[in-house]
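These are my notebook entries on one structure. I looked up the surroundings of the ligand and then the aromatic pairs.

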Amino acid sequence: MAAANHIEELYVASDPKIKEFFDSAPPLQDAADIKAKLNEFIQRNFSTSGDGKANRIVCVTSGGTTVPLEKRCVRYIDNFSSGHRGAASTEYFLKSGYSVIFLYRRGTCQPFCRDLPENALLECLTYNNGSNLQVDQKSADVVKRAITEHQAAVAGGSLLKLPFTTIFEYLQMLQLVALLLRRVGPSAMFYLAAAVSDFYVPWESMTMHKIQSGSGPLDMQLAQVPKMLSVVRTEWAPLAFCISFKLETDKDILLEKAGMALKKYGMHMVVANELLTRKEEVIVVLLNDKISVRREKSEAGADVENPLIKLIVERHSEYITASSSA
Ligand code: PMT
């Protein structure tokens, strides 16, 4: 028998490439602990009675996955994603009454911290000999807002943060979340903003120790990471509302690729964005429509995630209504 799928619920993928990926991945550390946290979170935030927003749970994925080149990893391939989109979107989902599973890359942008300086501890606090630590007057408002909004989400039990680093961790955690969110039906949503590696070094062909530079240029073959979008839709959580992202650097192919992803993977929406303008505008691609969503430039502090999440919440509401009358 093949090595067990390391995580979950006797699930065996029907696609052989996906099965092979999971069977050969290194076991997810703390899988039992993550599963217990997820179960507790879903139980607390979802009840089968009522279809109010309080019952809705969204999994927001955020930041980029790494691809290790060695088992005792010294070097890895990474990507550009800062996690800003995922962190900002998480704040707006929480404000809209959703509970959020924030599946994020360690060290990337966090919800409610977007307005803080990069080195907040050193730049916002002052310590005068003998006195207590104090927040600098000029940073007081932004620090207060970050702390109170974050504490409210944590105290209300509506935010669960789960960190990943590698492509192996990310996909195993996504699978675990999806299989457990299955019972939430159409009130569950996937908002897949993470920048997921398309190529990787399979664990069994990876060298154990640091690759030596003395042997000349590095010649490595990377395998293709199987796309997980259709399996989320068809097998893991078939009733959930699914939004994937499409990033390109060439705007001429962006909408065509987004439209293809919508149909091929059965997504409910694809958010298309270009690398250089991603903070100004995104285009939401639906089956019969394309909607441009822009940052309101005249408003101080405005971002593109605010109108984007409003649109998504509206469409998710319609989806829930349609599902319950079907
Ligand atoms: O983090 P920021 O700096 O704020 O930037 C935000 C963002 C640009 C990263 C975000 O808006 C975005 O576009 N994220 C998706 C980037 C990406 O990986 O695009 P893609 O074309 O490679 O993948 C498309 C979709 O397929 C993604 O939703 C991804 O979750 C999914 N995918 C990708 C590879 C893979 N093997 N399996 C997948 O399911």
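Which atom of the ligand does a polar side-chain atom of Lys227 lie 3.2 Å from? I found that this partner is an oxygen atom of the ligand. I used the rule that a polar contact is a pair of N or O atoms within 3.5 Å.

I note that this is a predicted model, in which local features need pLDDT of at least 70 and side-chain atom pairs count only at pLDDT 80 or more, while totals for chains, interfaces and linings use all residues. Residues are numbered from 1 along each chain as its sequence is written, and side-chain values use heavy atoms, with hydrogens and water left out.

Next I looked up two further contacts of the ligand. A polar side-chain atom of Arg278 lies 2.9 Å from an oxygen atom of the ligand. For Pro226, a backbone N or O atom lies 3.4 Å from a nitrogen atom of the ligand.

I then looked up the shell (residues with a heavy atom within 4 Å of the ligand). It holds 24 residues, and the closest are Ser81, Ser82, Phe245, Lys246 and Asn273. I recorded twelve nonpolar, seven polar and five charged residues in this shell; here Ala, Val, Leu, Ile, Met, Phe, Trp, Tyr, Cys and Pro count as nonpolar, Asp, Glu, Lys and Arg as charged, and the others, Gly among them, as polar.

Last, I looked up aromatic pairs (rings of Phe, Tyr and Trp, the latter by its six-membered ring, with centres within 6.5 Å). I recorded twelve of them. The ring centres of Phe168 and Tyr200 are 5.9 Å apart and the planes stand at 75°, so I entered this pair as edge-to-face (planes over 60 degrees apart).

Conventions. A polar contact is a pair of N or O atoms within 3.5 Å; within protein, one must be able to donate a hydrogen and the other to accept it, and residues adjacent in sequence count only if both atoms are side-chain atoms. Rings of Phe, Tyr and Trp (its six-membered ring) pair if their centres lie within 6.5 Å; planes under 30 degrees apart count as stacked, over 60 as edge-to-face and the rest as tilted.
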